[in-house]
Structure formats: structure tokens, C-alpha cells
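Me: Please take a close look at one part of this model and walk me through it in plain terms.

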Amino acid sequence: MNIVILSRNTHLYSTQRLIEEGEKRGHKVEVIDPLKCDIIIEKEKPTIYYKDRYLDYVDAIIPRIGASVTFYGCAVVRQFEMMNVFTICTSDAIQRSRDKLRSLQRLSKAGIGMPKTVFTNYSRDVEEVINHVGGVPVIIKLLEGTQGLGVVLAETKNAAESVLEAFNGLEARVIVQEFIKEAKGADLRALVVDGHVVGAMKRQGKDGEFRSNLHRGGTAEIVKLSEAELRLAMQASRALKLPVCGVDMLQSDRGPLLLEVNSTPGLEGIEGATGKNIAKAIITYIERNK
């Protein structure tokens with residue numbers, strides 16, 4: 001098969017691993033920068049032009065699109081879909097997952113447990129917002145934040161007011177979530193491929209840090225998920241129609257609670273922590289479905 005990885009950086013660990021495993025299994029794998037693709041739209045002949053050629057020979061794509069290029073990246077994925085090229089994540093599913101509010105609304109309707117969350121239209125009644133999630137401390141998140149950026153822990157009402165006023169002043173959209181104290185700065189990341197969990201790790205934030213992201217100095221170790229945690233991860237994958245994704249959750253006194261679903265999860269942390277060959281699982285998923 002001719003497999004294209006849509007990525008702006010050939011040297012990223014995840015991209016390199018997917019190339020390695022794809023080539024090991026006899027496929028031709030190339031990396032294409034989605035921002036350098038021209039989308040050509042005409043009656044019954046949608047095509048993509050890249051550098052000096054038409055991409056009419058591609059059998060499958062693996063989108064590795066960063067949050068900052070979601071709009072154009074998803075347009076390129078959508079064009080491949082119009083060309084009947086198999087993709088591990090559809091453009092609609094990627095866009096759904098990138099919109100934190102939209103995805104939480106959909107996941108809530110699917111009956112998935114999550115921290116109490118409030119979204120308001122720049123409300124000045126901060127006290128009411130805080131009361132909706134059970135009082136301080138609260139987590140305040142930018143809707144567009146990634147890798148722990150734009151996430152603030154407000155431990156007092158005054159701190160929450162200051163943070164919300166600052167974000168409101170910048171016209172930045174935020175959600176307010178209850179703080180799950182018993183999680184103790186740790187979360188779980190389950191990697192789902194073809195709707196099944198193929199690896200899981202526990203990420204622990206460094207001392208004094210409530211965010212567990214590895215990019216922020218957190219550590220990771222392999223973990224065996226409970227039945228409830230496995231069920232939540234697979235339910236979330238189905239609800240957002242993301243057969244390949246990373247599902248982040250917290251361990252709470254009332255069971256696992258979903259944090260978010262990542263449509264382009266990094267492979268380095270989870271392969272390192274678990275020793276599992278996640279890249280191979282993704283390539284074999286393509287083989288089974290193409």
C-alpha cells in the first residue's frame with residue numbers, strides 16, 4: 001500500500017515510528033506537509049496537488065495534524081475522503097475532538113462520567129459559576145489549549161475571579177471544571193486502536209504540579225486498567241467516532257472520569273512506558289480496513 005502520513009515534521013518520534021513499522025510490513029510510506037497541499041475541486045474529480053505531483057495514488061492516510069493547523073489540515077483530510085482514500089481519523093472526528101466543549105457535550109450525552117463542567121458566555125457572575133461545579137478549588141481551561149497549556153488551578157474564589165476576568169478581558173473562551181483532589185496530580189492515558197485499548201499508562205505530575213502532561217515534566221509508568229476504565233475509554237472512542245485516539249481520564253472516588261480525547265496522540269510516552277508496539281497496531285489496523 002501507499003500510505004501517507006500528514007505531518008509537518010518528519011523527525012517527530014511518532015512520525016518516525018509509523019514510517020518504520022509501515023516499511024517493515026512492506027508498505028511505501030511518505031510524509032507530506034498538509035499545509036503545502038493544494039486542494040483542487042472540480043466536478044467528480046477531487047484531487048490534491050503536492051509539490052510536483054498529484055496525490056492520486058494514495059491508499060491510506062494517517063493524519064498527524066497539530067491543533068494550530070486544524071482548519072486547513074482537516075480540509076486536506078476531507079479532500080482525501082472525497083477521493084475515497086482510507087483515513088484512520090475522519091476530518092469531522094478530528095474537528096469534533098479539537099472542540100473541547102462540543103466533544104464534552106457529545107460524551108456527556110453518551111453517558112460517560114466526567115468532572116462537572118460549566119461553560120458561560122463571559123459571565124461576570126463568577127461565584128455562581130464556581131458554585132455550579134461544587135466550589136473552589138476549580139480548574140479553568142482554555143477551549144483551545146493543548147499539552148497542559150492554558151490550564152489553571154484556582155484554589156480560592158479570588159484567584160478564580162482574577163483568572164476568569166483575565167481570560168474574559170482577552171475574549172478567550174474557557175470552561176470551568178471541578179477539581180478532583182483524590183487524583184493527586186495523576187491521570188490515565190489509554191491508547192485506543194480499532195476501538196480497543198492497546199496500551200495504557202499512568203502519568204504523574206511533578207511535585208507541586210497538578211498537570212500530569214509529560215511535556216510539563218510529568219513521569220509515566222505502565223498501568224493495568226480496571227474494567228470501568230477500559231469501558232470508558234472504548235465508549236469515548238465510539239462516541240466521538242475516533243477508532244484511533246488517546247483517552248485521558250482521572251481516577252476519582254466515584255469511578256473513572258473522562259478529561260479529554262486526543263485524535264492525534266503522541267506515541268513516544270506510551271510506547272516508552274508500556275513497551276507496546278503501538279505504531280505497528282496502527283499500521284495493522286489500516287491493513288485490516290483497506
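**Strands S3, S4 and S5**

Reply: Strands S4 and S5 form a hairpin with 2 residues between them, and lysine 51 in the turn has a positive phi of about 60°. The model is a predicted one. Strand S5 covers residues 53-54, and 2 bridges join S4 to S5, with the two strands running antiparallel. Across this pairing, tyrosine 50 stands opposite arginine 53 in S5.

S4 also has a partner on the other side of the sequence order: strand S3, residues 37-40, pairs with S4, residues 47-50, in the antiparallel sense over 4 bridges. Here isoleucine 39 stands opposite isoleucine 48 in S4. S3 and S4 form a hairpin too, with 6 residues between the strands, and glutamate 44 in that hairpin takes a positive phi near 60°.

Further along the chain are two helices. Helix H3 (residues 91-98) packs against helix H4 (residues 100-109) at an angle of about 100°, and their axes are 5 Å apart. An angle from 65 to 115 degrees counts as roughly perpendicular, so H3 is roughly perpendicular to H4. On the H3 side the contact is made by Arg96, Ser97 and Arg98, and on the H4 side by Lys100, Arg102, Ser103 and Arg106. Of the residues in this contact, 5 are charged, 2 are polar and none is nonpolar.

One single residue rounds off the picture. Aspartate 248 lies in strand S15, residues 244-252. Its relative accessible area is 6%, so aspartate 248 is buried. The side chain of aspartate 248 makes a polar contact of 3.2 Å with the side chain of arginine 203.

Note on methods:
Residues are numbered from 1 along each chain as its sequence is written. This is a predicted model: local features need pLDDT of at least 70, side-chain atom pairs count only at pLDDT 80 or more; totals for chains, interfaces and linings use all residues. Side-chain values use heavy atoms; hydrogens and water are left out. Buried means under 20% relative accessible area, exposed over 50%, partly exposed in between (1.4 Å probe, protein chains only). A polar contact is a pair of N or O atoms within 3.5 Å; within protein, one must be able to donate a hydrogen and the other to accept it, and residues adjacent in sequence count only if both atoms are side-chain atoms. Axes are lines fitted to C-alpha atoms, for helices over the stretch in contact, and angles run from 0 to 180 degrees between N-to-C directions. Angles under 35 degrees count as roughly parallel, over 145 as roughly antiparallel, 65 to 115 as roughly perpendicular and the rest as oblique. Contact means heavy atoms within 4.5 Å. Ala, Val, Leu, Ile, Met, Phe, Trp, Tyr, Cys and Pro count as nonpolar, Asp, Glu, Lys and Arg as charged, and the others, Gly among them, as polar. Two strands pair if DSSP finds at least two bridges between them.
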